[in-house]
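Please look through the sequence and the structure shown below before reading on. The report after them is meant to be read with both in view.

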Amino acid sequence: MNDLLIENARLPDGRRGMHVLVLAGSIDAVSDAPIAAPEGTERLDAADLLLSPPFVDAHFHLDAALSYGQPRVNQSGTLLEGIELWGELKPQLTQEAIVERALRYCDWAVARGLLAIRSHVDVCDDRLLAAEALIEVRHRVAPYLDLQLVAFPQDGLLRSPNALTNLTRALDMGVEVVGGIPHFERTMADGAESVRILTELAANRGLMVDMHCDESDDPMSRHIETLAAQTHRLGLHGRVTGSHLTSMHSMDNYYVSKLLPLMVEAQVNVVSNPLINITIQGRHDTYPKRRGLTRIPELREKGLRVALGHDCVMDPWYSLGSADMLEVAGMAVHAAQMTSQDAMRDCFEAVTTDAAAVLGLPGYGIEPGHHGDMVLLQAKDPVEAIRLRAQRLAVIRRGRIIARAEPVRSALALPGRPAQVDFLHEAR
Ligand code: FE2
């Protein structure tokens, strides 16, 4: 809990020359006039660069992260080989190994200014090793990172023996969100039944819901319709999230024109995972080949909250990634063709404020009374941050600088040209 004065910052909404004072870990003042700070307050010169609330990952799998190469590498890079690999790895997992990998990933996250993660945790293993491990990790990282856990029946709630019992046990242990995977059940009817069971479970316990939903190219995979209907029936408005929703990419437009108002009625949140969706969807297509992302701009246009997730980093499904939510936002810009100025800023919000709202994080944002959590980026505005995957110059948690990085600059040795180049650009 530190006191910190950040001077001469730009904020994501475009305000310049802003000063932010954090006292005892909370934001005390945000002003365009100089702020008198108490003696002994640490100072940070933002040098007219972008000060943002920290990044938030709305969809991740921390139990699998950084397991790349164990027990072997996914040679084809396909979903099917990834599922095989995870099946081979699961019996070999130990709690210590999961904790060690998860803590290492959280170090990466902090260095990237990513200070809140919603992680699904596989509860289909009767030992519930991963749930136990991630509950321990949640406790250990709490001083510097908010970890929210989702009880995720990876092999299907009805398809996998003991999944419902295990999921309930995980909730009893302190996992705080109800997960699901209706498109992986044996039939569409079983998928719908799993949605009913899980949303009722959440309603009875007063919990949020976040389901892997319709992660498929099948235009007839329509569990989001059921999820929206159950959300409305049970009064869970605003507390339910549909993750992936990739089948919406392939659905008939007329049907989508009926579906969108149902989602609005239920205030269902949406999480898209562009790095994974662009690599895994459309794999059965020859050409034309579908991109497979859900309809992000259309969902946002209807007023629905859309956040982005990293989903995987160096695990059986995806051998790339480095906890960089600007890489995630950049992929959404490209794959969803969100290249208007407004849409690019929307993509930045989808990894900051919108993702925080999906998680229901209290005290998030650069406003008086909120937590002193921020990241100083080597960029002038959110669009430039995405363009450059901007360096995180300082990462601040409750007023304390918990990570620093040197500015990215290259030295040039060219006659008649500057000695250094830093890639920043101001429209002139
Ligand atoms: Fe996922």
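The report goes through the metal site, the two domains and the salt bridges in turn.

**The metal site**

The structure is a predicted model, and every value below was computed from its atoms or taken from a domain assignment. The iron ion is held by four residues, namely His59 and His61 and His212, each through its NE2 atom, together with Asp311 through OD, at distances of 2.1 to 2.5 Å. Written along the chain, these donors follow the spacing H-x1-H-x150-H-x98-D. Histidine 61 belongs to the loop between strand S6 (55-60) and helix H1 (79-89), while histidine 212 belongs to strand S10 (residues 208-213), so this pair ties together parts of the chain that are 151 residues apart in sequence. Because a residue counts as buried when its relative accessible area is under 20%, histidine 61 is buried at 8%, and histidine 212 is buried as well, with a relative accessibility of 3%. The angles among the four donor atoms run from 86 to 179°, and the site is irregular. The tetrahedral label does not apply, because it would require all angles to lie between 85 and 135 degrees, whereas the angles here reach 179°.

**Two domains and their interface**

The protein chain is divided into domain 1, made of the segments 4-53 and 365-413, and domain 2, which covers 55-359. The C-alpha centres of domain 1 and domain 2 are 30 Å apart, and their contact involves 18 residues from domain 1 and 24 residues from domain 2. The size of an interface is often expressed as the accessible area that is lost when the parts come together. For domain 1 and domain 2 this buried area is about 1,700 Å², of which 68% lies on carbon and sulfur atoms. Which three residues supply the most of the area that domain 1 buries against domain 2? They are Ile386, Arg392 and Arg397, which supply 40% of that area, more than any other three residues. The interface of domain 1 and domain 2 is also crossed by three salt bridges.

**Salt bridges**

Side chains of opposite charge can pair when their charged atoms come close. In the whole structure, a search finds 31 salt bridges, and the table gives some of them.

| Residue pair | N to O distance |
|---|---|
| arginine 15 and aspartate 13 | 2.9 Å |
| arginine 104 and glutamate 100 | 3.0 Å |
| aspartate 373 and arginine 397 | 3.5 Å |
| arginine 389 and glutamate 327 | 4.0 Å |

The surroundings of these pairs can be described one by one. Arginine 15 is partly exposed, with a relative accessible area of 38%, whereas its partner aspartate 13 is exposed at 53%. Arginine 104 and glutamate 100 are four residues apart in helix H2 (residues 95-111), which means that about one helical turn separates them. Arginine 104 is partly exposed, with a relative accessible area of 33%, and glutamate 100 is partly exposed at 41%.

The salt bridge between aspartate 373 and arginine 397 links distant parts of the chain, since aspartate 373 sits in the loop between helix H12 (353-359) and strand S14 (374-377) and arginine 397 sits in strand S15 (residues 392-397), 24 residues apart. Aspartate 373 and arginine 397 are both buried. Finally, Arg10, Arg16, Asp48 and Lys380 are joined into one network by salt bridges that share partners.

Technical notes
Residues numbered from 1 in each chain as written. Predicted model: local features only at pLDDT ≥ 70, side-chain atom pairs only at ≥ 80, totals over all residues. Heavy atoms only, no water. Donors = N, O, S within 2.8 Å, 3.2 Å for Na, K, Ca; no water. Tetrahedral: all angles 85-135°; square planar, octahedral: opposite > 155°, others 65-115°. Helix = DSSP H or I, 4+ residues; strand = E, 2+ residues; numbered from the N terminus. Buried < 20%, exposed > 50% of the residue type's maximum accessible area, 1.4 Å probe, protein only. Contact = heavy atoms within 4.5 Å. Buried area = accessible area lost by both parts, 1.4 Å probe. Salt bridge = Lys/Arg side-chain N within 4 Å of Asp/Glu carboxyl O.
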